[in-house]
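Subject: Handing over the structure

Hi,

Here is the structure I promised to pass on to you. Please have it open in your viewer while you read, since my notes follow straight after it.

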Amino acid sequence: MRRSAQMGDPMKTDLHFALAKAYDDLGRTGDAFRHLRDGNALKRRSVAYDENTTFEDWHRIKMIFSAEFLRDRCRSEVSAQSPVFVVGMPRSGSTLVEQMLASHPDVFGAGEVSYLEDSIGTLCDGDVRFPGIVQTMSRTDLTTFGDRYVELLQSRAPFATRVTDKMLGNFRFLGLIYLALPHARIIHVQRNPVDTCFSCFAKLFSGDIPFSYDLSELGRYYRAYESLMAHWRHALPETAMLEVRYENLVADFEKEARRIVSYCGLGWDPRCLAFHATRRAVRTASAEQVRRPLYSDAVGRAEVYGSRSRSASQSAKRRSPVRCTASTGLSCHRGLQKIKWPPA
């Protein structure tokens, strides 16, 4: 880092994350966290993220897609059963779930495609857009919307029985999915919030994950996401969504894999257990991990930073501590407070 003054911010950011990984591999968690903190701070300067607008949009979604609204609305006539949505937070185990499913001969893993959000972006009536526009959509409108999405998704694999859409942020749209795609499957993947948030903070994403480079914002984002998912659990029928915990998946992979495959309406295939041998393009931050046989190293991953992270931030006189303990979870500078895990 002696010549860092000659580098631009992008190169400095890359170097901080690379050094963090190197120090982590050596077990020098204090040094690793210091570079994570500095690398994330640099990255955040180049990222546009409006937290207030994001949370206001989510609040409107909850207000419109009430349990009563979803119960009383006419659903579309789309008969396609191919879409399988995999949703959740980044670094939650979703790539493992999709890779396992894509190892089934009747499933094509489309990965993180933006078809749904792009289609929602075209919905408008004057100044009225999503989510308000859904209040005016007829069954015909919902059917047209759903058919168009299925056409886009199935264009990736016309002969597949199921096609996964792993755009994780689709958790915002579960109400519309329920109405427009009544036979779609929704799989919500969860991981311990401590490990999830720390894994996000420790990763320099290539895609658009703007909330992960500041501990305060990361914590608040997680809590808002958790609140929206709690809303969907209340508003949607119990059978509308399958919830999968990463820790359970790695503890008894075959049991959980069978449960997921069955939920998708498919017969069991032993190739799902050899997911790491499946050759397909994986363009997510977990691409390397799903090329390996199953491992459990990521469970409790953040705990080793429990004592080091706070002292590192205090020595640098920065007020953005990560405090990781089994009992208190992850405190992201007033963002992420105590979160019960596993959920009741």
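Below are my notes on the overall fold, the enclosed elements, one buried arginine and the salt bridges.

Please keep in mind that this is a predicted model.

**The chain as a whole**

The chain contains 13 helices and 9 strands. Of its 344 residues, 53% count as buried. Among contacts with a separation of 6 or more, 77% are between residues 24 or more positions apart. The exposed area comes to about 16600 Å², with 48% of it supplied by carbon and sulfur atoms.

**Two covered helices**

A good place to begin is helix α5, which spans residues 94-102. This helix is mostly covered, and 9 of its 9 residues are buried. Its buried residues include polar and charged names such as S94, T95, E98 and Q99, alongside L96, V97, M100, L101 and A102. What does the covering of α5 include? On the strand side there are β1, β2 (107-109), β5 (162-165) and β6 (185-190), and the helices α11 (246-251) and α12 (253-263) also take part.

Helix α9 (residues 193-201) is the other one to look at. It is largely enclosed by the rest of the structure, because 9 of its 9 residues are buried. Among them are D195, C197, F198, C200 and F201. At the start of α9, a side-chain oxygen of N192 comes to within 2.7 Å of the backbone nitrogen of V194.

**Strand β6 and its neighbours**

β6, already mentioned as part of the cover of α5, is itself mostly covered, with 6 of its 6 residues buried. In a regular strand, side chains alternate between the two faces of the sheet. Here R185, I187 and V189 point one way, while I186, H188 and Q190 point the other way, and all are buried.

Which strands does β6 run parallel to? One is β1, joined to β6 by 5 bridges. Another is β7 (residues 242-245), joined to β6 by 4 bridges. If you want landmarks for these pairings, F85 stands opposite I186 in β6, and H188 stands opposite E243 in β7.

**A buried arginine in β5**

R162 lies in strand β5. Is this residue buried or exposed? R162 counts as buried because its relative accessible area is 6%, and the cut-off for buried is under 20%. Leaving aside residues up to four places away in sequence, R162 touches Q81, S82, V84, D106, V107, F108, R185, C264, G265 and L266. R185 in that list is also one of the buried residues of β6. The side chain of R162 reaches the backbone oxygen of C264 at 2.6 Å. For one more distance to check, the C-alpha atoms of R162 and H104 are separated by 9.6 Å, with their positions 58 residues apart along the chain.

**Salt bridges**

Side chains of opposite charge can pair when their charged atoms come close. The structure holds 17 salt bridges, and I picked out three of them for you.

The side chains of E51 and R220 form a salt bridge at 2.9 Å, N to O. This pair links distant parts of the chain, with E51 in helix α3 (residues 51-64), R220 in helix α10 (residues 215-235), and 169 residues from one to the other. E51 is buried, with a relative accessible area of 15%, whereas R220 is partly exposed at 29%.

R139 and E77 also meet in a salt bridge, at 3.8 Å from N to O. They too are from distant parts of the chain, 62 residues apart: R139 is in helix α7 (residues 139-154), and E77 is in the loop between α4 (67-72) and β1 (83-88). R139 counts as partly exposed at 39% relative accessibility, and E77 is exposed at 55%.

Finally, salt bridges that share partners join R28, D31 and R34 into one network. Within it, D31 pairs with R28, the closest N and O atoms being 2.8 Å apart. Both of these residues are partly exposed, D31 with a relative accessible area of 22% and R28 with 40%.

Happy to talk any of this through when you have had a look.

Best wishes

Definitions and conventions. Residues numbered from 1 in each chain as written. Predicted model: local features only at pLDDT ≥ 70, side-chain atom pairs only at ≥ 80, totals over all residues. Heavy atoms only, no water. Salt bridge = Lys/Arg side-chain N within 4 Å of Asp/Glu carboxyl O. Buried < 20%, exposed > 50% of the residue type's maximum accessible area, 1.4 Å probe, protein only. Helix = DSSP H or I, 4+ residues; strand = E, 2+ residues; numbered from the N terminus. Polar contact = N/O pair within 3.5 Å; in protein donor to acceptor, adjacent residues only side chain to side chain. Contact = heavy atoms within 4.5 Å. Pairing = 2+ DSSP bridges. Areas by Shrake-Rupley, 256 points an atom, 1.4 Å probe, with all protein chains shown as cover.
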